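Colleague: I've got this model open on my screen and would like a close look at a single part of it. Could you pick one strand and walk me through its surroundings?

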Amino acid sequence: QVQLVESGGGLVQPGGSLRLSCAASGSIFSICTMGWYRQAPGKQRELVARITSGRNTIYADSVKGRFTISKDNTKNTVYLQMNSLKPDDTAVYYCNGNCLSPYGRDDYWGQGTQVTVSS
């Protein structure tokens with residue numbers, strides 16, 4: 001069973017930066033595509049960024065050029081560096097691991113961390 005624990009959320013002013021971290025319970029990055037999702041009040045959860053085992057990345061159009069996803073295999077940790085934050089970035093951010101299993105792929109989720117962008 002994979003456990004994911006996010007940290008790094010908080011309140012930041014527009015134009016500011018935050019770095020989110022997601023610590024995994026084991027060495028899973030070789031078999032998992034890791035991602036960050038977010039969910040704002042009244043909206044569906046949406047993909048923000050994803051990084052594969054081979055370090056290929058994709059980003060939502062709304063965050064391209066502002067957010068960067070990365071991972072440190074030695075620390076079993078995925079990061080989301082968020083710059084030039086906007087009020088529309090306010091949401092609960094969730095870490096996701098989509099991992100190979102004997103039966104296909106399994107999804108694992110963290111508990112979420114709140115990001116609030118406001119002056």
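Modeller: Sure. First, a term: two strands count as paired if DSSP finds at least two bridges between them. Keep in mind too that this is a predicted model.

Let's take strand 3, which spans residues 18–24. On one side of the story is strand 1, residues 4–7, which pairs with strand 3 in the antiparallel sense over 4 bridges. If you want a spot to click on, go to E6, which stands opposite C22 of strand 3. Strand 3 also pairs with strand 8, residues 77–82, again in the antiparallel sense, this time over 6 bridges. Here a handy landmark is S21, whose bridge partner in strand 8 is Y79. So strand 3 has pairings with both strand 1 and strand 8.

How covered is strand 3? Mostly: 5 of its 7 residues are buried, where buried means under 20% relative accessible area. For the protein as a whole, 44% of the 119 residues count as buried. When you look along the strand, remember that in a regular strand the side chains alternate between the two faces of the sheet.

Now zoom out. The protein has 11 strands and 0 helices. Among contacts between residues at least 6 apart in sequence, 53% join residues at least 24 apart. As for overall dimensions, the C-alpha atoms fill a box of roughly 45 × 30 × 25 Å along the principal axes. The radius of gyration is 14 Å, which agrees with the value near 14 Å for a compact globule of 119 residues.

Methods: Residues numbered from 1 in each chain as written. Predicted model: local features only at pLDDT ≥ 70, side-chain atom pairs only at ≥ 80, totals over all residues. Heavy atoms only, no water. Buried < 20%, exposed > 50% of the residue type's maximum accessible area, 1.4 Å probe, protein only. Helix = DSSP H or I, 4+ residues; strand = E, 2+ residues; numbered from the N terminus. Rg over C-alpha atoms; globule rule 2.2 N^0.38 Å. Contact = heavy atoms within 4.5 Å.
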